[in-house]
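Here are a few friendly notes to read alongside the model. They follow one strand and its neighbours first, and then turn to the internal cavities.

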Amino acid sequence: MSEIKGLEKLGLKNIKKIYHNPSYELLYQHELEKKEGLLSDLGAVMVDTGIFTGRSPKDKYFVKQPPSEKHIAWGEINQPISKEIYEELLQKARDELSGKEIYIMDVFVGASKSSRKKIRVVTEIAWQAHFVKNMFIRPTEEELKDFEPDFIMYNAAKVTNEKWKEHGLNSEVFVVFNIEDNVAIIGGTWYGGEMKKGIFSMMNYWLPLEGKLPMHCSANIGKDNDTALFFGLSGTGKTTLSADPNRRLIGDDEHGWDDEGVFNFEGGCYAKCIGLDPEKEPEIYGAIKKNALLENVVADENGKVDFNDASKTENTRVSYPIFHIVNHEESLMGPHPKNIIFLSADAFGVLPPVSKLTKEQAMYYFLSGYTAKVAGTERGITEPVATFSACFGEAFLPLHPTVYAKLLGEKIEKHNVDVYLVNTGWTGGAYGVGKRMDLKATRACINAILDGSIKESEFDKTDVFGLHFPKTLKGVDPKILNPKNAWADKDEYIRTRNHLAKLFIENFKKYQTKDADFDYSKAGPQL
């Protein structure tokens with residue numbers, strides 16, 4: 001055990017056995033022997049994450065203390081917790097992990113050597129160690145020799161906080177970050193994504209303070225070494241559209257942008273599985289094999305997965321190491337981007353399939369972080385519901401959203417980057433009347449951006465939103481390029497467009513304070 005540096009700092013007692021960065025083979029064996037999971041017919045192990053099949057954002061806290069308290073944007077996203085309660089919960093987590101066989105995973109977050117952090121995750125559950133191995137960057141044997149963590153995460157999923165009411169917390173679940181001590185603790189939830197997004201939240205704290213931009217986006221790179229970034233909330237096509245047979249995948253979800261260029265935070269992918277179709281998404285389907293880990297999927301007694309079955313959750317997932325994607329970029333890095341694409345699944349059917357944004361519009365739509373979903377159709381609600389999530393990842397931003405938007409604007413300007421807004425949602429009407437944008441049409445828009453041919457188009461401008469869209473584009477029906485033309489009922493289009501514009505304007509008011517550094521509301525819709 002002496003070869004693991006800093007072991008005494010963990011504060012664990014009577015450790016029975018440590019599995020330090022175990023092999024995939026050993027993890028696979030433990031998952032099946034300990035009955036943590038079942039084997040699917042594709043070779044991947046299937047696990048259930050219990051009652052939580054997604055993150056618990058209302059149970060996430062930061063210890064309120066200097067100096068970090070002056071940087072954090074306190075509120076619903078970043079809730080404060082006292083040092084005393086944190087110490088109590090840390091002890092609970094340590095007690096839970098003591099006297100056991102445990103897994104210690106030492107990994108990197110960030111492919112760029114000048115920006116990476118060393119992370120240590122401690123867990124008693126084999127599949128959680130497997131998840132960490134899939135999702136983060138796996139150090140070489142050489143790098144492990146003198147590995148001393150910058151940050152420690154205790155995953156004590158089996159323990160709950162029965163004193164949560166007394167502590168004034170939201171529930172018995174807790175996900176707590178102590179920035180000054182470089183420690184995170186998880187209790188009461190088994191969901192794997194808490195570890196991934198927890199470390200992402202920390203990168204979103206550390207990097208901007210160094211003038212680097214952390215991003216909730218996917219990235220790929222073409223044969224001419226042209227990097228493209230894809231921003232978008234869940235369900236907008238970020239993972240699907242960045243997995244392109246003609247371009248190498250840098251990563252599907254979390255990246256940084258420093259002075260050298262773009263780099264993946266992770267060493268794996270965490271793709272949604274619901275409705276997964278091997279014909280439409282062959283790269284992702286092909287990545288589901290041995291060493292991949294399926295979460296909350298439904299399978300028959302022979303292990304055959306029904307990817308359309310959402311009876312456990314809509315949020316079925318697969319994690320896999322990035323090398324399962326045949327066409328990936330080995331270095332997990334790329335030069336400064338040439339194109340940035342914001343993806344919005346607009347269920348109102350108002351946004352054009354593709355628009356070119358000015359720098360001001362780019363910052364406006366980045367701060368807005370818009371998509372629209374069709375929520376709760378099973379309860380008969382068929383109206384689209386607008387979602388605004390600052391910087392396309394508000395849940396993971398410890399600092400004020402304008403900090404990230406300002407950094408983005410500076411980088412767009414400095415590196416002369418083109419920015420586009422792509423609607424992967426509805427056309428010809430809102431949900432229920434129009435139809436979902438054809439994936440082929442979306443791919444054609446993306447391809448025209450990436451090969452530069454979109455710049456040869458003549459552009460027109462929409463009313464109210466003031467978005468510049470191409471009049472013609474190879475592979476796209478010209479009728480849908482201008483959203484108004486795609487609607488049969490023009491009056492209904494105007495009503496819906498004005499309704500959506502009001503939602504944007506209302507949402508953006510929070511960035512129009514008297515002490516705001518900039519006001520980009522003029523780059524948004526005008527009524």
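1. Let me start with a strand pairing. E4 and E9 run parallel to each other, joined over 3 bridges. One place to look is lysine 60, which stands opposite valine 175 in E9. Please keep in mind throughout that this is a predicted model.

2. E4 has another partner as well. Strand E5, residues 79-81, pairs with E4 in the parallel sense, again over 3 bridges. Here you can pick out phenylalanine 62, whose bridge partner in E5 is proline 80.

3. Which residues of E4 lie on one side, and which on the other? In this strand, residues 60-63, Lys60 and Phe62 share one side, while Tyr61 and Val63 take the other. All four are buried, and both faces of the strand are covered. It is worth pausing on Lys60, a buried residue that turns up again in the next point.

4. Now to the cavities. Searching the whole structure gives 4 cavities of 30 Å³ or more. The largest holds about 70 Å³ of space, and its lining includes Lys60 and Val175, the pair that stand opposite each other across E4 and E9. The other lining residues are Arg55, Ser56, Pro57, Phe177, Glu194, Lys197, Gly198, Ser201 and Phe396.

5. Which elements give two or more residues to this lining? They are strand E9 (174-178) and helix H6 (193-206). H6 gives the most, with 4 residues. By class, the lining has 4 nonpolar, 3 polar and 4 charged residues, and Lys60, Glu194 and Lys197 are among the residues you will find there.

6. The second largest cavity has about 60 Å³ of space. Around it you will find Phe200, Asn204, Pro214, Met215, His216, Phe366, Cys391, Gly393, Phe396, Leu397 and Tyr404. Phe396 deserves a look from both directions: it lines this cavity and also the largest one.

7. For the second largest cavity, the elements that give two or more lining residues are H6 and strand E11 (213-221). E11 gives the most, with 3 residues. H6 is therefore a helix to view from both cavities, as an element that gives two or more residues to the lining of the largest and of the second largest.

8. What is the make-up of the second lining by class? It divides into 8 nonpolar and 3 polar residues, with no charged ones. For the largest cavity, by contrast, the count of charged residues is 4.

Conventions: Residues are numbered from 1 along each chain as its sequence is written. This is a predicted model: local features need pLDDT of at least 70, side-chain atom pairs count only at pLDDT 80 or more; totals for chains, interfaces and linings use all residues. Side-chain values use heavy atoms; hydrogens and water are left out. On a 1 Å grid over the protein atoms alone, a cavity is a set of points where a 1.4 Å probe fits but cannot get out, and a pocket is an open set with protein on both sides within 12 Å along at least five of seven lines; lining residues have an atom within 4 Å of a point. Grid points are joined across faces, edges and corners, and a volume is the space filled by probe spheres set on the points. Ala, Val, Leu, Ile, Met, Phe, Trp, Tyr, Cys and Pro count as nonpolar, Asp, Glu, Lys and Arg as charged, and the others, Gly among them, as polar. Buried means under 20% relative accessible area, exposed over 50%, partly exposed in between (1.4 Å probe, protein chains only). Two strands pair if DSSP finds at least two bridges between them.
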